[in-house]
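Thanks for asking me to look this over with you. Here are a few notes to help you find your way around.

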Amino acid sequence: MGTQKKGYFLKDGVTRVPGTTTVIGNCQLGSIEGLLIWANNLGKEGKSHSEERDKAADAGTACHEMAECFAKKRVFDPSPYNRETIGKATGAFEAFTQWAQQTKLEIVASEVPLVSETYRYGGTLDCMLVDGKLSLGDYKTSNSVRVGMLCQLAAYRNLWDENNPANMVTGGFHLLRFSKQAHPDDPVHFSHHYWSQLDIAWETFKHMLELYELHKRLKGLL
C-alpha cells in the first residue's frame, strides 16, 4: 500500500497547490514587528523563542483538538500534552462550550480538506455550522483579530462553495477565538466574531494568490 501524499493536489493527483495559510503567510500580512519585539523580550528573560512558540502552538493545538472532539462527540485525550498546556487550553474551551450551548448553531462538518481547481489552492475548513442557513466557522488561538484571518475565512468559503454548489454558504462567517495567556495565572477567554459577508477579503485573497505565484517565479530567477 502506497503512502498518502501530504499537502493539496488538483484532481490529476500530480499538481500540488499551496494551502490557504501558506498563501497568506507569503504576504507577511500585518508586519512581523510584533513577533520581533516578542522574541527580543524573551531573550532578555533568558528564554528560547522557539520553545515558547512551541508551547503556544501546543496550547492552541490542544484547544483546537478539544473543540474538534466536542464537534465530533468524542472524548478528548489529554495524554499528548503536559499539565501546563492543558491548563492554558481548558479555560478557553469551557467558554467555547458555554457559547455553543447558548446558541442554536449545530456543527455539521469539521476538518474538511478541499481544493479549488479554479483558483488552484487548498485548505482544511475547521467547521461548518447550521442554524437555518449554512455558515462557516474557524477556530483561532490569538489575542486579537487580524486581517489575515478574514482572508482565510473568505478563501475557505470559496473552497466550500466551489466543491458544494448545491449547498453553498449563505449564513456568513464565525470566528471562534481563544485568547492566549502571557502568564499561567492570566485569565483565558473565548470570544465569538461574526461577519455576514467578506467580499473584500475574498478580493484581497485573490491578489495574494497572484503575488504568491509571482514570488515563486522570482525565486526561480535566483
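**Notes on the fold and on confidence**

1. A good place to begin in this predicted model is helix α5, which lies across β3, β4 (121-131), β5 (133-141), β6 and β7. Relative to β4, α5 runs at about 85°.

2. Those strands form an open sheet of five, in the order β3-β4-β5-β6-β7, and the pairing is mixed. β3 (106-116) and β7 (190-195) stand at the edges; each has a single partner strand, so one side of each is left without a neighbour in the sheet. On average, neighbouring strands are turned by 30° against each other, direction ignored.

3. For a closer look at one edge, follow strand β6 (residues 173-178), which is joined to β7 by six bridges, the two running antiparallel. Within this pairing, Leu-175 of β6 has His-193 in β7 as its bridge partner.

4. Now to the cysteines: the structure holds zero disulfides. Why does Cys-151 have no bond to Cys-27? The sulfur of Cys-27 is the closest cysteine sulfur to that of Cys-151, but at 8.5 Å it is too far for a bond. Cys-151 is buried, with a relative accessible area of 2%, and Cys-127 is buried as well, at 0%.

5. Finally, please keep an eye on confidence. The protein has a mean pLDDT of 83, with 80% of its residues at 70 or more. Among the elements, helix α5 (residues 147-163) has the highest mean, 97, and helix α2 (residues 33-44) the lowest, 49. Over residues 30-39 pLDDT stays under 50, and the model has four contacts beyond four places in sequence for them. Residues 48-56 are also below 50, with nine contacts beyond near neighbours in sequence.

Terms used. Residues numbered from 1 in each chain as written. Predicted model: local features only at pLDDT ≥ 70, side-chain atom pairs only at ≥ 80, totals over all residues. Heavy atoms only, no water. pLDDT = per-residue confidence, 0-100. Helix = DSSP H or I, 4+ residues; strand = E, 2+ residues; numbered from the N terminus. Contact = heavy atoms within 4.5 Å. Disulfide = S-S within 2.5 Å. Buried < 20%, exposed > 50% of the residue type's maximum accessible area, 1.4 Å probe, protein only. Pairing = 2+ DSSP bridges. Axes fitted to C-alpha atoms, helices over the stretch in contact; angles between N-to-C directions.
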